[in-house]
Amino acid sequence: MEKQFKTIQESEVLLSELMLPSNSNFRGNVHGGYVLSLMDKIAFACASKHSKQYCVTASVDTVDFMNPIGIGELLTMKASINYVGKSSMVVGIRVESENIRTGEKKHCNSSYFTMVAKDENGNSAIVPGLILITENEKRRFIKCAHRLEAKKAKTKQFSKTDFDSAKYTEEFKQYNVQILA
Ligand code: GDP
């Protein structure tokens, strides 16, 4: 079968939802876990659209909640594929909230979900490649490729078998820890 390529636009997903009192935490803002579950859903929708398969979440690259989201605000999520491997896809998601009356917008977080496509037997399925058109699409692809390389290098550096804590004696001193033994 000839290798297939698809544009990023074909699988873009947008979601807007009004934040209701039932979504609130004990401080009266939106519960972070609720936002995470919406992000997981939009990542699934985007990856499934690109791959035409059911997808599972493999990892999430940092979710830093930069601004609290208030009840009554309109939450908007924009998702698009940043990168594809053989059967994996990285979906970038930008989360913003908007005050309905003033129209003021806040950037709440930007996160990157790695999703894996599965076939009907539960095996990893090959996904279409990407057609990169805009400068932003090319920037996001390369940025993601570098992030994945850096993650691989970090995992290697701190592998359970190679780690020697004696090398970090000085470094530990700057942290809020006591080293026993
Ligand atoms: P960036 O990743 O460096 O571009 O950081 P941003 O905070 O601008 O966006 C985070 C991610 O959200 C991007 O990587 C995109 O995947 C997604 N995104 C941002 N803006 C849009 C948009 O206008 N439409 C769609 N579909 N996705 C967007």
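Which residues come nearest to the ligand? Here are some notes to read alongside the structure.

1. **The ligand's surroundings.** Keep in mind that this is a predicted model. There are 13 residues around the ligand, and those that come nearest are Arg 94, Ser 110, Tyr 112, Arg 139 and Lys 143. Try finding these five in the 3D view before you read on.

2. **Polar partners of the ligand.** Look next at individual atoms. The side chain of Tyr 112 has an N or O atom 2.6 Å from an oxygen atom of the ligand. In the side chain of Arg 140, an N or O atom is 2.8 Å from a ligand oxygen atom. With Ala 79 the backbone takes part: one of its polar atoms is 2.9 Å from a nitrogen atom of the ligand. As for cover, the ligand taken alone exposes 550 Å², and the protein buries 81% of that.

3. **The order of helices and strands.** The chain holds 3 helices and 7 strands. Following the sequence from its start, you meet them in the pattern β-β-α-β-β-β-β-β-α-α. You can trace this pattern with a finger on the screen.

4. **The chain as a whole.** Its C-alpha atoms fill a box of roughly 55 × 55 × 35 Å along the principal axes. Of the 181 residues, 32% are buried. The accessible surface comes to about 12,000 Å², and carbon and sulfur atoms account for 54% of it. Among contacts with a separation of 6 or more, 71% are between residues 24 or more positions apart.

5. **Charges.** How many positive and negative side chains does the chain have? There are 25 positive and 20 negative ones, and the centres of the two sets lie 0 Å apart.

6. **The loop between α1 and β3.** Two residues are worth a visit here. Lys 52 lies in this loop, and its phi is near 60°, a positive value in a residue other than glycine. Lys 52 counts as exposed because its relative accessible area is 67%, and the cut-off is over 50%. Gln 53 is found in the loop too, between α1 (32–51) and β3 (54–61). With a relative accessible area of 24%, Gln 53 is partly exposed. Leaving aside neighbours within four places in sequence, Gln 53 is in contact with Ser 48, Ala 117, Lys 118, Asp 119 and Ala 125. Ser 11 is 42 residues from Gln 53 along the chain, and their C-alpha atoms are separated by 12 Å.

7. **The loop between β3 and β4.** Thr 62 has its place in this loop. The phi of Thr 62 is near 45°, again positive in a residue other than glycine, and at 45% relative accessibility Thr 62 is partly exposed. Gly 72 sits between β3 and β4 (74–84) as well, and its relative accessible area of 37% makes it partly exposed. Although Gly 72 and Leu 20 are 52 residues apart along the chain, their C-alpha atoms are separated by 6.1 Å. Beyond residues up to four places away, Gly 72 touches Leu 18, Met 19 and Ile 100.

8. **A residue before α1.** Is Asn 23 buried or exposed? Asn 23 lies in the loop between β2 (13–18) and α1. It counts as buried because its relative accessibility is 9%, and buried means under 20%. Not counting residues up to four places away, Asn 23 touches Leu 18, Asn 29, Val 30, His 31, Tyr 34 and Ile 71. Leu 18 is also one of the residues that Gly 72 touches.

Definitions and conventions. Residues numbered from 1 in each chain as written. Predicted model: local features only at pLDDT ≥ 70, side-chain atom pairs only at ≥ 80, totals over all residues. Heavy atoms only, no water. Helix = DSSP H or I, 4+ residues; strand = E, 2+ residues; numbered from the N terminus. Buried < 20%, exposed > 50% of the residue type's maximum accessible area, 1.4 Å probe, protein only. Contact = heavy atoms within 4.5 Å. Areas by Shrake-Rupley, 256 points an atom, 1.4 Å probe, with all protein chains shown as cover. Lys, Arg positive; Asp, Glu negative; His and termini not counted. Charge placed at Lys NZ, Arg CZ, Asp CG, Glu CD. Near = heavy atom within 4 Å. Polar contact = N/O pair within 3.5 Å; in protein donor to acceptor, adjacent residues only side chain to side chain.
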